[in-house]
Amino acid sequence: MSAAAPWLRRLDARREGFAAALETLLHWDITESSAVNDAAAKIIARVRQEGPAALLALTAEFDRVEAASLAELALTPADFEAAFRALSPEQRDSLQQAHDRIERYHLAQRQEDFEIEDEYGNRLGQRITPMDRVGVYVPGGQAAYPSTVLMTAVPARVAGVREIIMTVPTPGGVRNPLVLGAAHLAGVTQGFTLGGAQAIAALAYGCEPVPRVDKIVGPGGAFVAAAKRLVYGQVGIDAIAGPSEILILADASADPRWLALDLFSQAEHDAAAQALLVSPDPQVVEAVAAAIDELLPAQPRAELIRQSLGARGALMVCADLAQAVAIANRIAPEHLQLAVAAPRALLPELRHAGAVFLGVYSAEVMGDYVAGPSHVLPTFGTARFSSPLGVYDFVKRSSLIELSAAGADALGRLSGVLADGEGLHAHAAAARARIPGYDRNRER
């Protein structure tokens, strides 16, 4: 009998050559193509040089929206509230519950100021202050994402950001009421129906009436990613988002049909999305393959899912769950789903993942919408050094240093020695100037 889903790649971690095959599968160039970078750079330069005229022309070209002024592309809190009120009761309730869960989670992330006092009476501390104004980019080219509004703007508001500026493309002039309704709940203060690299440029540099922001967050396509990279330094950014990723660690306790659908849920994002499964049980792998064959034809995006799984997906067999964890740490996936009988037993050895979903009931899709943590997560394996979007992305930490006379005496002597060692003699003089009775003639 032939294997199910023969078009879907199989890898065996127990065999020689697995590491090289995995490297090939995972390879994804985090930098955009030179053509995309060049196009994004030209759009940014055009917005900076031509101002509102460029934004209007680019919106007409790419989104087929004609406007005489940017005021026609503006969205106000009144627009957001009206859209929310016009939703069906079921939609309002779902948005409200999602908002409340996301808010509750992020309230627990808030950090406190602190101060300590050392043996000299010096007071040392840290002060947490929110950013003044942030930009939230909400994709809108191929689909509408009210969940992204909540997952970006709610943490910003919880952090204390006073102004939250949303940009969202509206191809053909169609404004999605769920997106606007989510903006109402999330506390977005102003919005514009702008998309692409031009929206990033307007947020980064300001283009009246679009205000300049301190940081831009939110996912987007290749041109948005390239533009964010180009304006970084002028403004802060959350990350360069890549295609969605999921890695499922599974044992026989998981329903193969559930796992197939979990793989589909990521693969349907786009052809570059990566959906992987690894199990120490070959029967589990083939049962999932059979479920894929059974369930795929009924999927509305079946062709896209097949394309994604065929190009970048894989079903993998490993020796045991310890090796599965090692594979997970190597991949550092955006989403890691532990569809095993004892998921918490694996946590101590897991080091790299954007979000971890524990147990067979913890479908990754719940994290996309209502679980609570932000769904803006590190991709490309950057979970090795990056974290999910959260309240901490919208605040700054300032160090507080208040020295006493005794502290200046003691630390001035230490600082002087170290400054002399670095050859920075003005540093040493400034430190020793605070030492009572110090002979300043030595510094001449």
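This is a walk through a predicted model of one protein chain, from its overall dimensions to its central sheet, its helix pairs and a few single residues.

Let's begin with the whole chain. The protein chain has 444 residues, and 48% of them count as buried. Its secondary structure comes to 16 helices and 15 strands. If you lay the C-alpha trace along its principal axes, the spans are about 95 × 60 × 45 Å. The chain exposes about 21000 Å², with carbon and sulfur atoms supplying 53% of that area. Among contacts with a separation of 6 or more, 73% are between residues 24 or more positions apart.

A good place to look next is the open sheet of six strands. Its strands pair in parallel, in the order 1-12-11-10-13-14. Strand 1 (10-12) and strand 14 (355-358) have a single partner strand each because they stand at the edges, and one side of each is therefore left without a neighbour in the sheet. From one strand to the next, the twist averages 20°. As background, strands of a sheet pair through backbone hydrogen bonds, either parallel or antiparallel.

Now follow the pairing across part of this sheet. Strand 10 and strand 11 are joined in the parallel sense by five bridges, and here glutamate 245 stands opposite glutamine 274 of strand 11. Strand 10 and strand 13 also pair in the parallel sense, over five bridges, with isoleucine 248 opposite glutamine 337 in strand 13. Moving on from strand 13 (residues 335-339) to strand 14, you will find a parallel pairing over four bridges. Two positions help to locate that pairing: leucine 336 stands opposite valine 356 in strand 14, and leucine 338 has leucine 358 as its bridge partner.

How do the strands inside the sheet sit in the fold? In strand 11, six of the six residues are buried, so the strand is largely enclosed by the rest of the structure. In a regular strand the side chains alternate between the two faces of the sheet. Strand 11 shows Gln274, Leu276 and Val278 pointing one way and Ala275, Leu277 and Ser279 the other way, and all of these are buried. Strand 13 can be read in a similar manner: five of its five residues are buried, so strand 13 is largely enclosed by the rest of the structure. Both of its faces are covered, with His335, Gln337 and Ala339 buried on one side and Leu336 and Leu338 buried on the other.

Helices also lie against these strands. Helix 10 (residues 256-267) lies across strand 10 (245-250), strand 11 (274-279), strand 12 (314-317) and strand 13, and it runs at about 165° to strand 10. Helix 11 (residues 282-295) packs on the sheet too, touching strand 1, strand 10, strand 11 and strand 12, and its direction makes about 165° with that of strand 12.

Let's turn to helices that pack on each other. Two packed helices are described by the angle between their axes and the distance between the axes. For helix 5 (residues 89-107) and helix 6 (residues 146-159), the angle is about 35° and the axes are 9 Å apart. Their crossing is right-handed. Residues in this contact include Leu95, Ala98 and Ile102 in helix 5 and Leu150, Met151 and Val154 in helix 6. By class, the contact has ten nonpolar, two polar and two charged residues.

Helix 4 (residues 77-86) and helix 7 (residues 177-186) pack at about 115°, with axes 7 Å apart, and their crossing is left-handed. Phe80, Ala83 and Phe84 of helix 4 are among the residues in the contact, as are Leu180, Gly181 and Leu185 of helix 7. This contact divides into seven nonpolar, two polar and two charged residues.

Helix 9 (residues 222-231) has Val224, Ala225, Ala226, Ala227, Lys228 and Val231 buried. Its buried residues pack against helix 2 (34-50), strand 5 (133-137), helix 8 (196-205), strand 8 (215-217) and strand 9 (236-237). Just after helix 9, glycine 233 takes a positive phi of about 110°.

We finish with glutamate 117, in strand 3 (residues 114-117). Is glutamate 117 buried or exposed? Its relative accessibility is 53%, so glutamate 117 counts as exposed. Beyond its neighbours within four places in sequence, glutamate 117 is in contact with Asn122 and Arg123. Glutamate 117 and leucine 403 are 286 residues apart in sequence, yet their C-alpha atoms are 9.8 Å apart in space.

Technical notes
Residues are numbered from 1 along each chain as its sequence is written. This is a predicted model: local features need pLDDT of at least 70, side-chain atom pairs count only at pLDDT 80 or more; totals for chains, interfaces and linings use all residues. Side-chain values use heavy atoms; hydrogens and water are left out. Axes are lines fitted to C-alpha atoms, for helices over the stretch in contact, and angles run from 0 to 180 degrees between N-to-C directions. A crossing is left-handed if the near helix is turned anticlockwise from the far one by less than a right angle, and right-handed if clockwise. Contact means heavy atoms within 4.5 Å. Ala, Val, Leu, Ile, Met, Phe, Trp, Tyr, Cys and Pro count as nonpolar, Asp, Glu, Lys and Arg as charged, and the others, Gly among them, as polar. Two strands pair if DSSP finds at least two bridges between them. Buried means under 20% relative accessible area, exposed over 50%, partly exposed in between (1.4 Å probe, protein chains only). Accessible areas come from the Shrake-Rupley method with a 1.4 Å probe; for residues, only the protein chains shown count as cover.
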